[in-house]
Amino acid sequence: DATENWSATEFYSFCKPHFARRNGWTYTPVPGSRKVTHYTHVDGSANFCTFDEILLNEGFGTCRGSGSLLYNQEFSSWFVAAYHLSFPVPNDIAHDITNTIKAADPGLKAKLADQAAAELLAELELEDEPKKEKGKSSKKKKGK
């Protein structure tokens, strides 16, 4: 869904009850499909990597998982910075699929524009927070 963009906390909250009832989901990596690229720091340590792999799922069939990981020295562990699950679409049916998606939600552009505008306004409010704390007004002047 193009309107979905989960934070880690939101995704955890969504998943927790499913896995607590032991009715989560399984994506099985296809052996040999995983590609990992490590990016090294100037000191030679690999503290960031990207990955891409083909996954199999009973309901969706072939899927792709990709994302990025950050290495945390304090915990000696890799943490997921971003993750994307997608459904690879064969090129010869791509137009059919995208036309089906467009027809399923003709108001998607407006929804995404509204969502982007709300997020931008929220970011602008956050940028103004230090000004507010110092007693300065954060009201914007109206222009012509």
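Which residue forms a salt bridge with Arg34, and how many Å apart are the closest N and O atoms? Here are some notes to read beside the model, which is a predicted one.

1. **The Arg34 pair.** The partner is Glu53, and the closest N and O atoms of this salt bridge are 2.7 Å apart. The two residues come from distant parts of the chain, 19 residues apart. Arg34 sits in the loop between strand E1 (28-29) and strand E2 (35-40), while Glu53 belongs to strand E3 (residues 46-57). If you list polar contacts instead, you will meet this pair again, with the side chains of Glu53 and Arg34 joined at 2.7 Å.

2. **The surroundings of Glu53.** Is Glu53 buried or exposed? Glu53 counts as buried because its relative accessible area is 9%, under the 20% cut-off. Leaving aside neighbours within four places in sequence, Glu53 is in contact with Pro29, Ser33, Arg34, Cys63, Arg64 and Gly65. One residue in that list, Arg64, takes part in a salt bridge of its own, with Asp52.

3. **The Arg64 pair.** A search of the whole structure finds 2 salt bridges. As a general reminder, side chains of opposite charge can pair when their charged atoms come close. For Arg64 and Asp52, the closest N and O atoms are 2.7 Å apart. This pair also links distant parts of the chain, with Arg64 in strand E4 and Asp52 in strand E3, 12 residues apart. Arg64 is partly exposed, since its relative accessible area is 28% and that value lies between the 20% and 50% limits.

4. **The E4 and E5 hairpin.** Strand E4 (residues 61-72) pairs with strand E5 (residues 77-86) in the antiparallel sense, over 9 bridges. To find your place in the pairing, start from Leu69, whose bridge partner in E5 is Val80. The hairpin has 4 residues between the strands, and Ser76 takes a positive phi near 50° there.

5. **The aromatic residues.** How many aromatic pairs does a search of the whole structure find? The count is 10. In one of them, Trp6 and Phe11 meet edge-to-face, at 5.7 Å centre to centre and with 85° between the planes. Ring pairs also link Trp6 and Phe11 with Phe14, Phe19 and Trp25 into a cluster. Trp6 is partly exposed, at 37% relative accessible area, and Phe11 is partly exposed too, at 40%.

6. **Glu4, beside the same tryptophan.** Glu4 lies in the segment before helix H1 (8-20). The side chains of Glu4 and Trp6 are joined by a polar contact of 2.9 Å. Glu4 is partly exposed, with a relative accessible area of 47%. You may also like to look across to Leu112, which is 108 residues away from Glu4 along the chain; their C-alpha atoms are separated by 10.0 Å.

7. **The cysteines.** How many disulfides does the structure hold? The number is 0. Two cysteines are still worth a look. Cys15 counts as buried because its relative accessibility is 9%, and Cys49 is buried with a relative accessible area of 2%. A third, Cys63, has already come up among the contacts of Glu53.

Conventions: Residues are numbered from 1 along each chain as its sequence is written. This is a predicted model: local features need pLDDT of at least 70, side-chain atom pairs count only at pLDDT 80 or more; totals for chains, interfaces and linings use all residues. Side-chain values use heavy atoms; hydrogens and water are left out. A disulfide is a pair of cysteine sulfur atoms within 2.5 Å. Buried means under 20% relative accessible area, exposed over 50%, partly exposed in between (1.4 Å probe, protein chains only). Rings of Phe, Tyr and Trp (its six-membered ring) pair if their centres lie within 6.5 Å; planes under 30 degrees apart count as stacked, over 60 as edge-to-face and the rest as tilted. Two strands pair if DSSP finds at least two bridges between them. A polar contact is a pair of N or O atoms within 3.5 Å; within protein, one must be able to donate a hydrogen and the other to accept it, and residues adjacent in sequence count only if both atoms are side-chain atoms. A salt bridge is a side-chain nitrogen of Lys or Arg within 4 Å of a carboxyl oxygen of Asp or Glu. Contact means heavy atoms within 4.5 Å.
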